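Colleague: Please pick one part of this model and walk me through it slowly, strand by strand. I'm still learning how to read these things.

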Amino acid sequence: MKVPFRQFRYESVESLKMALFQIKANKTRSFLTALGVIIGIVSITMMGTAINGIDLGFEKSLSMLGYDVIYVQKTSWSTMGQWWRYRNRPDLKTLYAEQINRIITDNPRSELLLAVPQISTYQASARYHDRILEQVFALGTNGDYPATASGTLATGRFFTPGESAGDEMVGVIGDDVASGLFPNEPAVGKSIQIRNHRIRIIGTYRKQGKFLGLFSFDNQIIMPVGAFQKIYGKEMFITIRVKIRYQQRVEEAKEELLGIMRKIRRLPPGKEVDFSINEQKAFKSQLDPIKNGIAIAGIFITGMSLFVGAIGIMNITFVSVKERTREIGLRKALGARRQTILLQFLIESVMICLIGGFVGLLTSIIITFAIEKVIPDFPVRFSPDLVFASLGVSVITGIISGLAPAISASRLEPADSLRYE
Amino acid sequence: MQEPPVIIMKELCKFYEMGDQVVRALDSINLDFRKNDYAAIMGPSGSGKSTLMNIIGCLDTPTSGIYELNGQNVAEMNDDELALARNREIGFVFQTFNLLPRLNCLRNVELPLIYAGVPPEERNERAAEALRKVGLGDRMTHKPSELSGGQIQRVAIARALINKPSIILADEPTGNLDTATSHDIMNIFGTLSEVGNTIILITHEEDIARYTKRIIRLRDGKIESDSRK
């Protein structure tokens with residue numbers, strides 16, 4: 001048992017050396033052959049980085065919503081686009097937040113921690129002297145808001161519960177609003193004008209980025225509910241933000257909140273709910289199929305280029321077998337077995353593919369790096385998985401494309417091939 | 001007591017089908033080779049020399065009859081067993097030398113040992129020793145393209161010797177060499193024969209055959225004569 005293994009080892013080393021010899025001896029041909037694999041691997045890994053990037057951007061966006069916050073709203077996030085189903089539901093009230101808080105403080109085993117009201121509009125416009133920002137997201141809440149939201153303050157402070165209870169006209173703004181209205185001066189202490197009211201800026205947020213590339217957390221003006229209602233009235237979109245105790249127990253928390261809301265809404269058992277409890281997972285379940293669709297289509301298309309590359313390698317290996325018929329005959333005369341010849345040609349094609357894979361991988365790492373430098377927001381991300389996957393794919397491509405020529409080489413008759421001209 | 005023959009052939013036939021005709025390349029050959037034989041197989045082209053050499057060299061199997069190489073029946077061997085037999089029992093020397101042009105002399109000579117599973121250091125040592133035996137101790141790292149025809153054939157002989165085969169099988173070993181170089185090569189075979197190697201060579205040149213101790217003449221696939229000196 002030991003000698004055959006040693007023999008196999010020596011033969012493999014010999015084949016490896018011969019493969020390197022061959023590749024070095026035919027540089028142009030080897031490069032052109034490997035090009036198919038290089039292009040294939042570049043396209044596959046670029047696709048991979050894009051999918052990774054989307055995933056990453058997505059995770060980042062979801063973490064902005066908070067994994068430990070659930071939202072009571074009139075509509076559901078998981079059936080977005082079916083607004084008619086929710087049209088006839090009664091509006092929520094900011095008051096619910098207090099009612100929920102009262103119930104959960106009475107229950108020491110509650111899964112819920114804190115409810116915060118939110119009333120908002122996308123249509124706000126803010127003015128400071130001659131500078132005007134349109135389509136600002138104005139939001140009314142209370143002093144507990146920071147506990148349920150991501151983001152940290154860059155300057156100033158958030159308003160206190162006292163200020164919010166007193167309906168004071170103060171506000172905290174996002175980074176885009178701050179830089180848009182106050183490009184060259186500190187925002188804190190200035191007053192901006194919204195409709196006919198003035199809001200005094202007491203704090204600014206650090207830049208946070210966009211949610212799924214759609215909604216910007218930097219484009220907000222946050223003020224007490226009372227102040228908001230003075231400007232826009234009470235008929236605006238209301239959300240109750242509820243912070244939960246344990247991230248892992250979202251389902252239990254939702255269940256409890258559902259019961260509390262039914263109680264507040266006085267819904268008899270069996271009656272359909274007229275509100276929705278949303279969490280960030282809803283987005284995931286909506287966007288995952290899209291992401292997977294992109295991934296499957298992308299991998300299929302990029303796989304085609306690799307397939308073309310594999311055919312190229314098969315072709316070249318067939319040519320190489322033909323050219324080296326005498327060498328194959330000689331090796332067989334000297335004692336090479338079928339499997340030895342098979343292995344030699346397989347190793348050669350795998351080698352070309354692996355080299356192509358390495359070059360392709362390097363190319364896509366450079367491209368990814370360049371994209372990250374030039375367009376930081378573009379969703380690309382390289383991962384170690386991709387390295388292993390693409391090298392694995394290269395090896396498999398090498399085996400698949402080298403197998404048929406290698407088998408035909410191993411089956412050559414030694415006597416005939418020695419005489420082959 | 002005499003040792004049993006290295007090669008025994010009994011009623012050995014090799015037929016080829018060419019369309020609807022059957023070509024009898026070898027027809028009922030009965031032939032023995034003993035250890036230390038130094039024989040030439042002769043005959044005009046088409047007489048079956050090459051076919052006989054292919055069968056002796058385990059490159060091909062007979063259609064019928066017995067071919068025993070060191071007591072093993074070659075006719076019943078599969079491809080891998082034939083490869084093993086070629087590796088262990090046969091040392092080939094070809095008319096066209098058949099060295100691998102990319103490898104230097106040492107690496108060319110050690111090739112059979114790779115297929116025999118011999119460790120690298122030992123391979124190197126034995127290849128160097130074999131090259132010294134054929135007088136090429138100072139050409140080990142040269143490539144075939146840097147050597148003369150006679151030197152290349154000596155490298156090939158070193159390669160044939162390296163695995164200590166039962167027989168050295170040379171197919172027109174001087175066919176591509178001038179007279180003086182042919183003489184050198186035949187002298188090497190002569191020396192090898194004297195130290196106990198079994199050598200069979202195939203040739204159509206009487207001058208070359210004269211160096212050997214036994215001449216077998218083939219015609220139309222049959223043995224015409226078999227004479228020892």
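Modeller: Start with A:Ala126, which stands opposite A:Leu133 in strand 3 of chain A. This is a predicted model, where local features need pLDDT of at least 70, side-chain atom pairs count only at pLDDT 80 or more, and totals for chains, interfaces and linings use all residues. Residues are numbered from 1 along each chain as its sequence is written, chains are lettered from A and ligands numbered from 1 in the order in which they are written, and side-chain values use heavy atoms, with hydrogens and water left out.

Now zoom out a little. Strand 2 (residues 112–128) of chain A runs antiparallel to strand 3 (residues 131–141) of chain A, with 7 bridges between them. Strands here are DSSP runs (E, at least two residues), numbered from the N terminus, and two of them pair if DSSP finds at least two bridges between them. Together, strand 2 and strand 3 of chain A make a hairpin, with 2 residues in between. In that turn, A:His129 has a positive phi of about 50 degrees.

Strand 3 of chain A has another partner too: strand 10 (residues 220–224) of chain A, running parallel to it over 5 bridges. There, A:Thr141 sits opposite A:Pro224. In general, strands of a sheet pair through backbone hydrogen bonds, either parallel or antiparallel.

For another parallel pair, hop over to chain B, where 4 bridges join strand 6 to strand 7 (residues 167–171). One bridge partnership to find on screen is B:Phe92 with B:Leu169 in strand 7 of chain B.
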